[in-house]
Amino acid sequence: ADDGVHSGELWSSDGTEDGTQMVKDINRYREGMPPLTDTLYNRYISSHVLMGTDTLLYFTVPNRFSSPGSTLWRSDGSESGTQRIFPSIGNDSETWVSDHGQVGDLLFFLADSVTNAGIWQTDGSVSGTHLVDPQPARMVLVGDLIYFIESSLGSSPIVYTLWKLDPLSNTKTKVKTFTENYSVDFYLFSIDGALYLVHDQVDTLSLWKSNDAISDLSLVKTI
């Protein structure tokens with residue numbers, strides 16, 4: 001919220017005016033930074049809530065005046081308990097935090113950057129944030145299982161592999177491979193406990209769906 005004094009910030013409320021207050025001034029103007037303009041305001045002063053647990057709220061904050069990307073934060077509703085947890089301070093590396101899901105009290109998310117790429121998990125602390133698997137291009141959570149796409153970009157032909165990861169047992173299983181002569185896109189969705197995969201080959205779209213065991217995929221339709 002923006003109260004006209006602070007830029008877009010995280011606020012909490014118990015439903016009353018007196019009980020509505022800013023949690024922390026994250027986007028505060030820092031000495032030496034250029035003055036805000038409407039373009040900068042619209043582009044940078046915003047946050048995106050990923051999810052909440054019983055005790056924590058996770059959200060991303062776009063990098064404001066540094067390199068492009070976003071940082072992952074957590075909050076327990078207090079100023080001291082609102083902290084940046086990923087990437088580590090001074091290690092932005094144009095990191096983007098995207099796809100995410102929750103297993104128990106753990107948040108799993110996809111990071112895209114040169115140095116921080118991969119699936120990460122966090123318990124809400126810096127020390128409890130670590131890499132689970134490097135280099136996936138897409139991920140989705142189906143139940144307590146993570147499905148993600150890895151590619152062999154740079155090789156010919158290009159092999160795209162769909163993997164299933166059980167984060168609790170750290171068991172990784174290959175589900176299906178797709179071999180292409182050029183770069184294509186994949187999109188993963190979780191609907192009613194089933195995995196759906198869209199295979200985008202520019203001029204052709206194929207929809208795949210998991211079977212009951214989610215151990216293989218069956219072709220639904222090609223458009």
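**View 1. Aspartate 133 and lysine 172 form a salt bridge, with 3.1 Å between their closest N and O atoms.** Keep in mind for this and every other view that the model is predicted. The two partners come from distant parts of the chain: aspartate 133 belongs to strand 10 and lysine 172 to strand 14, and they are 39 residues apart. How much of each partner is covered up? Aspartate 133 has a relative accessibility of 9%, so it counts as buried, the cut-off being under 20%. Lysine 172, at 35%, is partly exposed.

**View 2. Lysine 172 also meets glutamate 150 in a salt bridge.** Here the N to O distance is 3.9 Å. Glutamate 150 sits in strand 12 and lysine 172 in strand 14, so this pair ties together parts of the chain that are 22 residues apart in sequence. Is glutamate 150 buried or exposed? With a relative accessible area of 17%, glutamate 150 is buried. Step back a little and you'll see that Asp133, Glu150 and Lys172 are linked in a network of salt bridges. A search through the whole structure turns up 2 salt bridges.

**View 3. Strand 9 pairs with strand 8 and with strand 10.** Strand 9 covers residues 118–122, and 5 of its 5 residues are buried. Its pairing with strand 8 (residues 106–112) is antiparallel and runs over 5 bridges. If you want a pair to look for, try alanine 111, whose bridge partner in strand 9 is glycine 118. With strand 10 (residues 130–133), strand 9 pairs over 3 bridges, again in the antiparallel sense. In that pairing, tryptophan 120 stands opposite leucine 131 of strand 10. As a bit of background, strands of a sheet pair through backbone hydrogen bonds, and the pairing can be parallel or antiparallel.

**View 4. The largest nonpolar core contains 16 residues.** Which residues have the most contacts inside this core? They are Leu162, Leu195 and Leu197. Several strands chip in: strands 11, 12, 13, 14, 15 and 16 each supply at least two residues of the core. Strand 13 (158–166) gives the most, with 3 residues. Now zoom in on leucine 162. Leaving aside residues up to four places away in sequence, leucine 162 touches a whole list of others, including Tyr147, Phe148, Ile149, Val175, Leu188, Leu195, Leu197 and Leu217. Thr173, Lys174 and Lys176 are also among the residues that leucine 162 touches.

**View 5. Strands 15, 16, 17 and 18 form an open sheet.** That's also their order in the sheet, and the pairing is antiparallel. What does "open" look like here? Strand 15 and strand 18 (217–222) stand at the edges with a single partner strand each, so one side of each is left without a neighbour in the sheet. From one strand to the next, the twist averages 25°.

**View 6. Strand 15 and strand 16 are joined by 7 bridges.** The two strands run antiparallel. One pair to pick out is aspartate 185, which stands opposite aspartate 200 in strand 16. While you're looking at strands, remember that in a regular strand the side chains alternate between the two faces of the sheet.

Conventions. Residues are numbered from 1 along each chain as its sequence is written. This is a predicted model: local features need pLDDT of at least 70, side-chain atom pairs count only at pLDDT 80 or more; totals for chains, interfaces and linings use all residues. Side-chain values use heavy atoms; hydrogens and water are left out. Buried means under 20% relative accessible area, exposed over 50%, partly exposed in between (1.4 Å probe, protein chains only). Helices (H or I, at least four residues) and strands (E, at least two) are DSSP runs, numbered from the N terminus. Two strands pair if DSSP finds at least two bridges between them. A nonpolar core is a set of buried Ala, Val, Leu, Ile, Met, Phe, Trp, Tyr and Cys residues joined through side-chain atoms within 4.5 Å. Contact means heavy atoms within 4.5 Å. Axes are lines fitted to C-alpha atoms, for helices over the stretch in contact, and angles run from 0 to 180 degrees between N-to-C directions. A salt bridge is a side-chain nitrogen of Lys or Arg within 4 Å of a carboxyl oxygen of Asp or Glu.
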